[in-house]
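Student: I have a chain on screen and would like to work through it. Can we take it one question at a time?

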Amino acid sequence: MKRLVVLGAGTAGTMVVNKLSARLDADEWKITVVDQAKSHVYQPGFLFLPFGGYEPEEIVKPKQRFIPDGVEVVWGEIDKVDAEGNSVVMTDGTVLGYDQLVIATGTTPRPDETPGMAGDEWRKSVHEFYTYEGAQALAEALERFQGGRLVVHITEMPIKCPVAPLEFTFLADSWFTERDMRDQVEIVYVTPLDGAFTKPVASKALGGMLAERKIQLETDFMIERVDTETKAIVSFDEREVPFDLLVTVPLNMGADFIGRSGLGNDLNYVPVDKHTFQSTKYDNIFALGDAADVPTSKAGSVAHFAVDVWTENFLRHIVGLPMLGRFDGHANCFIESGGGKGMLIDFNYDTEPLPGKYPLPGIGPFSLLKETEMNHWGKLMFKWMYWNILLPGKELPLPALMSMAGKEVGSE
Ligand SMILES: Cc1cc2nc3c(=O)[nH]c(=O)nc-3n(C[C@H](O)[C@H](O)[C@H](O)COP(=O)(O)OP(=O)(O)OC[C@H]3O[C@@H](n4cnc5c(N)ncnc54)[C@H](O)[C@@H]3O)c2cc1C
């Protein structure tokens, strides 16, 4: 019997075990998936929790429900991968041998990495919405907020769902407007980037949306510390941005065991071939989802497109054939912009977000780089698709690789 071990039963790991259990011969392959937490959280829902948008039970479900019969589940914390010995060591001492290993342990916010961030003011005036607990605590803080300076801040790139802090800012603007208190709130968006977003065309459009909403943009801000006495974030070049309520996206890092195992870069992401997800060090190790060090967004949509391409490659790889599929970095992100509208961006390693229609050229129904109500409904519909189509590994009639059809080149 050969053994495939998948580390992480989140978005990518769950899709992998569903796709492969349907395709691998059960007499030949034993599939094991490992995770430390028994609940699966729909992370895009964290954006709406602070504004009372979702009930907790809509975004948290038992992981076991999405693991197919015949796949062994090991609950526990991974301590180390012994890549030379082809085994995984759990913190309780259990050792799991493997022939092929998939690392899909995602990325985690690490407020402990920035001085002062996880200090006295943590979950009082310093908040985050990248965890379930954080998003719930922030909902209470927003209810209590009487006005003042709301600072939305990104510590360092890359972060998962890089548009989420912008979405939070747009939704906050809309929420305060609906509550008739927008004129009592000064909103500041602080980023280490040189504009509102990473890609020039999208950055210009999103920067314009911040300006329209009278949201200040503070760029090139590399945070050194949170000063909890004066209530300000301080940069390495000694700029200070004061806040009454800070909503930060802490440094995002891959799992610590990746670093301990000598498999990661300085942020514990696994260096892989960006087209095949094969580790640059070991032929029988792959990293998928946020755990992989690839130059595209860390997003569920990317994990979905990537797993589709990777599955076919993996089935060839294990019978000794060359991997032919080349993932192109395809990312597709809805951007909630408040007031019941949203935007959509579609891009890959080589093509930045462009205006146009998606997925059907000229028809849509979604509009690229434009705020529409339909895009907002697309964002909300994504939750149903996530639980019912993506996680169970069913086919979605959307091409995994990015298409130029429907994109307006040169009109931006
Ligand atoms: C606020 C927010 C909004 C978002 N919005 C969107 C969106 O609109 N669209 C979109 O496409 N994406 C969005 N995302 C991103 C998306 O949720 C992630 O990119 C996706 O879930 C990544 O999947 P993954 O499998 O790589 O990691 P995860 O789903 O995070 O899974 C990692 C798993 O590994 C396990 N694990 C980690 N370390 C260990 C260990 N040492 N031992 C055992 N188990 C371990 C964890 O318990 C977890 O189950 C959003 C994310 C956030 C935070």
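Student: Where does Asp69 lie?

Tutor: Keep in mind that this is a predicted model. Two strands frame the residue: strand E4 (60-62) and strand E5 (72-75). Asp69 lies in the loop between strand E4 and strand E5.

Student: Is Asp69 buried or exposed?

Tutor: Exposed requires a relative accessible area over 50%. Asp69 has a value of 77%. So Asp69 is exposed.

Student: What distance separates the C-alpha atoms of Asp69 and Asn18?

Tutor: Along the chain, Asp69 and Asn18 are 51 residues apart. In space, their C-alpha atoms are separated by 9.4 Å.

Student: Now salt bridges. How many are there?

Tutor: The criterion is a side-chain nitrogen of Lys or Arg within 4 Å of a carboxyl oxygen of Asp or Glu. By this rule, the count is 25.

Student: Which residue forms a salt bridge with Glu28?

Tutor: Look for a pair whose closest N and O atoms are 3.6 Å apart. Glu28 sits in the loop between helix H1 (11-23) and strand E2 (29-35), and its partner is in strand E1 (residues 2-7), 26 residues apart. Glu28 is partly exposed at 37%. The partner, partly exposed at 35% relative accessibility, is Lys2.

Student: Which helices does the Glu167 and Lys379 pair tie together?

Tutor: The side chains of Glu167 and Lys379 meet in a salt bridge, 2.8 Å from N to O. The two residues are 212 residues apart in sequence, so the pair ties together separate parts: helix H4 (residues 164-178) and helix H8 (residues 373-390).

Student: Are Glu167 and Lys379 buried or exposed?

Tutor: Buried means under 20% relative accessible area. Glu167 and Lys379 are both buried.

Student: Of Glu212 and Arg213, which is buried?

Tutor: Their side chains meet in a salt bridge at 3.7 Å, N to O. Glu212 has 59% relative accessibility, so Glu212 counts as exposed. The residue at 14%, therefore buried, is Arg213.

Student: Which residues are linked with Glu212 and Arg213 in a network of salt bridges?

Tutor: The network holds Glu212 and Arg213. Linked with them are Asp173, Arg182 and Glu371.

Student: Which strands stand at the edges of the open sheet?

Tutor: The sheet has 5 strands with parallel pairing, in the order E11-E18-E12-E13-E14. An edge strand has a single partner strand, so one side is left without a neighbour in the sheet. That applies to E11 (126-127) and E14 (216-218).

Student: Which residue stands opposite Ile154?

Tutor: Strand E12 (residues 148-154) runs parallel to strand E18 (residues 245-249), and 5 bridges join them. Opposite Ile154, in E18, stands Val249.

Notes: Residues are numbered from 1 along each chain as its sequence is written. This is a predicted model: local features need pLDDT of at least 70, side-chain atom pairs count only at pLDDT 80 or more; totals for chains, interfaces and linings use all residues. Side-chain values use heavy atoms; hydrogens and water are left out. Helices (H or I, at least four residues) and strands (E, at least two) are DSSP runs, numbered from the N terminus. Buried means under 20% relative accessible area, exposed over 50%, partly exposed in between (1.4 Å probe, protein chains only). Two strands pair if DSSP finds at least two bridges between them.
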